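I wanted to see where this protein has room inside its folds, and what lines that room. Here are my notes, pocket by pocket.

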Amino acid sequence: MTVLDRETLHASLQDPALESIGFLNEIMGCYPDAISFAPGAPHPDPYTELDATRYLDRFLAHAAAESGRTPVQAGRLLYEYGPARGLINGIVADALRRDQGIDVAPESVVITVGAQEAMLLTLRALASSPRDLLAVSDPCFVGITSAAGLLGVGVVPVTDTAEGLDVDALAEACRTARRANRRIRACYVAPDYANPSGSRMELRNRRRLLELAEQEDFLILEDNAYGFTAVPGTELPALKTLDTGRRVVHIGTFAKVCFPGARVGYAIADQDVRTARGSTVPLAAELARLKTAVTVNTSPVCQALIAGMLLEHGGSLAELSRARSALYQRNLTHLLEALDRHTVAGLPDGVEWNRPGGGFFVRMRLPVPVDAALLEASAADYGVLWTPMAPFHPGGGGTHSLRLSCSYLDPERIDEGVRRLVTFLRAKISGATGGGVDGRTDGRTAAVVRR
Ligand SMILES: Cc1ncc(COP(=O)(O)O)c(C=O)c1O
């Protein structure tokens, strides 16, 4: 039998982030009854209202009206390969213009297999030499750092503050790279309620980042996964909305506002690319050319489902996401209130957390190392799970922080989960061992919960 040593395979397979995701999945499997603040997955309740047949019909009626064909003739679109750049680009471009003031032609849109593929393609297109580096906010979504690892692109961590990416630190990183004969080719940032920090980039900071991109000649990869969770009236303009110099590639996903099983996302890439023959094409067209070597095209059936959902909401992303946005605001408020309520009696010194105004995530700092052993104890003895932050820190920090996600839980479970967490922290940080003080379990229950 052929046995391959992992060391002989591509180095990206040794990415510690992959290891920790594997560990987290394993531990969730071992403690299925634990309340888990770990998954950043969308809440499943809205799925019961979804009607795939209706969405497909809606899209086909639209496609037929646009092309002068019958819906049955248009139905062929669903069964064929389809263009690499996508089928629903016009619908997505219209929605972005209407809702976010991002005014681009359909040709500047490429529909991808989730935001993940958009990140991979954009990074592949931009990083053309070993000199090219990707700056990322630190902490950072592992999807982008893993993509960089897969492509062998060097990552430069830049501190993320409560007001978002530290633009001065990024300017310094550009200078440092130049001195080493390298260049920051692109900077990844999720300006709205980032995963995992929950931070939001202030408007002033957004403008400064755009100015720096112009000065230092890099592109910004803007990941807009959580922008829709802002409380109405508190939204800030997307970087792409402010982007007069076409510095921003805007990356979006329908995973959170529709459903992740569709695996549909997009990149808005309206930068001009000069071809060898002297003509210009949008960067999106180049991304689509690369896509033919990755996934060929995004499933037409899945694109049609998403477009049908959008059309049902008047073609408006804001309308489409209104109910979801309210659900996540409710959950986040509940999580923050539960943390306040369960800690009125005090907590050990050094336990603190941020208070994001949107998104799925709250970051908590502890005065003790947050590692696999701590997570195991939390799951086994107190029946509560969360995510250690260290894997999100390409710069090596985060050893004393954890991430709490409120997206997948109902308010009662959030409340009970916080109660367990706080009991655990009191016992653990004050030096007590095991559960049972005021906690949920004793050794016997832990053995039952464990599988
Ligand atoms: C910051 C960020 N970007 C993008 C995504 C989703 O990407 P996809 O569309 O590939 O599911 C996630 C999901 O967890 C995320 O947290």
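I started with the largest pocket, which holds about 1000 Å³ of space. For "pocket" I used an open set of points on a 1 Å grid over the protein atoms alone, where a 1.4 Å probe fits and protein lies on both sides within 12 Å along at least five of seven lines. Points join across faces, edges and corners, and the volume is the space filled by probe spheres set on them.

I found 42 residues lining the largest pocket, with Ile-21, Phe-141, Val-142, Asn-195 and Arg-403 the closest to its centre; a lining residue has an atom within 4 Å of a point. Helix H1 (16–30) gives the largest share of this lining, eight residues. Helices and strands are DSSP runs (H or I, at least four residues; E, at least two), numbered from the N terminus.

Where does the largest pocket lie? It lies between domain 1 (6–46 + 320–449) and domain 2 (52–317), because both give residues to its lining. The domain bounds come from an automatic or database assignment.

Next I looked up the second largest pocket, at about 600 Å³. Its lining has 27 residues, and Gln-100, Gly-227, Phe-228, Ala-318 and Ser-321 are the closest to the centre. Here H12 gives the largest share, seven residues. Each of the two domains supplies at least three residues to this lining.

A note to self: this is a predicted model, where local features need pLDDT of at least 70, side-chain atom pairs count only at pLDDT 80 or more, and totals for chains, interfaces and linings use all residues. Numbering runs from 1 along each chain as its sequence is written, and side-chain values use heavy atoms, without hydrogens and water.
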